[in-house]
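Colleague: Please give me a short account of this model as a whole, and then take a close look at a single part of it. I should be grateful if each term were explained where it first appears.

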Amino acid sequence: MRSFVAGIVTETNTFSPIPTGASEWERVDRPEGIVPDSSLDGFRRKAALAGDEVVFGLYAFAMPAGITVQKAYEDLRDELIGQLRAAMPVDAVFLPLHGAMVADGYDDAEGDLIERVRALVGPDVKIGVHIDLHCHLTRRMLDHCDALVIYKEYPHTDMAARAEDLYDLIRDAHLGRTEPVMAMFDCRFMGIVPTNPQPMRGFVDAMMAAEGAEGVLSLSLGHGFPWGDVPDSGARMLAIVDAKQVAGDARARAARVAEEWGRRFFALRHDVVVEPLALDAALDRALAAPRGPVVIADQADNAGGGAPSDSTFVLRRLLERGVPDAALAMMWDPIVVQLAKSAGVGARLAVRLGGKMGPTSGDPLDLDATVVGIRDGLVQMWPQVDGSLASPAGDCVHLRVHGLAGTPSSGGDVDVIVTTRRGQVLGVEVFTAFGIDLTAKRVLVVKSIQHFYAAYAPVAAEVVYMAAPGAVAPIMETIPLERANLRTFPWVDDPFDDG
Ligand SMILES: [Zn+2]
């Protein structure tokens, strides 16, 4: 089998104050480069095992932010289409995408891209699509591809494994062994659903166990991305069945399987969502813990969801309350990094940090701080089920913050990691690269909703999810949605009840 692999990947927070223009897109033109998802590894491994040929096209990634500028999207899309045209003839096309990208004029950018790929290659070439579970799964995406596979794990530790699943699905279809037929079911649910705790762990395990039995080739749950205000938002269950194995109408069978699993997920709705603590309640919890480190997730300022990652609400309270042995990563403030680097290690500075990107970032903090360390090109390692994924964390500085300028210090210093690259915490290196001993800390604040979990759960005495103010505040009812269908949980407890 000869295939073409290319992707355009971002998650669009339609409320983010940061536009996604052409310069926000990073390109990986060689598949060996550092990429923010490991799907390319999965495709490459499977192709090598089978002795298949793969042509890699562009892989473009933008850190989640606001709506992509129309020309930026269209230029990338047209380049990808041009590369595919040059690579033809191919037997298959693999598209690692995100599934929640919105560009000006394109509520469903992935649907547009997939449709154009289909128009170019015709009906006989197999198209496989691989997307993040924080997606808006649409009819249009499904209509123009042969198989679509969504990550199952949150944190996303299974990107490469799901790419391998997709490779097998498409290869079997290409060889005529199977005839995949897809259907989806709208679960009428919106929320943030980690897959490590029960009962969600059991649901994911059950999905995987059901694949390969009774004509079911694949099951995926799109969780939805609540900060993308589009008509197709919300959770969707996807089933792929093999028309060669099921009797009768395969599409009807796929629809029944999708509905059965979708309703099974919906029945868990009250038990799978995280209920984060308010800011001070989260700090109270950490201070009351018998030992540290208590890892507090500042979910609302997660760059991975399109937040600026420069909010100051938590740092201000850590200082005002004099919380001892606390550290925080990562504040996005390139100017402060530049000042600290120019002053050098050991310098004591009066520095204005964070709070620059808008009301959801809070006010800037004027701080009394010492530069303790400088690390250019920091890389964090994100644990995966099949290894780990290197992820760039930017040029970083370690500030030891003694207090708010002009205010007598009320307690201990706070270690703060500041970066030039807006990004969420995925690995422990954001602290350990500076010699910070995690186990000696009482409180570690990480700006991340859930991806931090894989690296931090093994060292944490306790993990606390926190809902401070911010651009991706994790309380569904506070998101100012206007275009989404709100006849959906949690706005309506049982949207399926029409009586
Ligand atoms: Zn995601």
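Modeller: The protein chain exposes about 17800 Å², of which carbon and sulfur atoms supply 50%; accessible areas come from the Shrake-Rupley method with a 1.4 Å probe, and for residues only the protein chains shown count as cover. This is a predicted model, in which local features need pLDDT of at least 70 and side-chain atom pairs count only at pLDDT 80 or more, while totals for chains, interfaces and linings use all residues. Residues are numbered from 1 along each chain as its sequence is written, and side-chain values use heavy atoms, with hydrogens and water left out.

As to overall form, the radius of gyration of the protein chain is 23 Å, which agrees with the value near 23 Å for a compact globule of 499 residues. That radius is taken over C-alpha atoms, and the globule rule is 2.2 Å times the number of residues to the power 0.38. Along the principal axes, the C-alpha atoms fill a box of roughly 75 × 55 × 40 Å. The protein chain holds 13 helices and 18 strands, which are DSSP runs numbered from the N terminus (helices: H or I, at least four residues; strands: E, at least two).

The domain assignment gives domain 1 (2-272) and domain 2 (277-473), with bounds from an automatic or database assignment. Their C-alpha centres lie 32 Å apart. Domain 1 brings 29 residues to the contact and domain 2 brings 28 residues, where contact means heavy atoms within 4.5 Å.

The part for close inspection is helix H6, which spans residues 200-210. Its buried residues are Met200, Arg201, Phe203, Val204, Ala206 and Met207; buried means under 20% relative accessible area, exposed over 50%, and partly exposed in between (1.4 Å probe, protein chains only). These residues pack against two strands, E8 (216-222) and E9 (236-242), and against two helices, H7 (250-266) and H8 (269-272). After H6 comes Gly212, with a positive phi near 95°.

The loop between E8 and E9 contains Ser233. Ser233 counts as buried because its relative accessibility is 7%. Leaving aside residues up to four places away in sequence, Ser233 touches His136, Met190, Gly228 and Ala484.

For the wider setting, 60% of the 499 residues of the protein chain count as buried. Among contacts between residues at least 6 apart in sequence, 76% join residues at least 24 apart.
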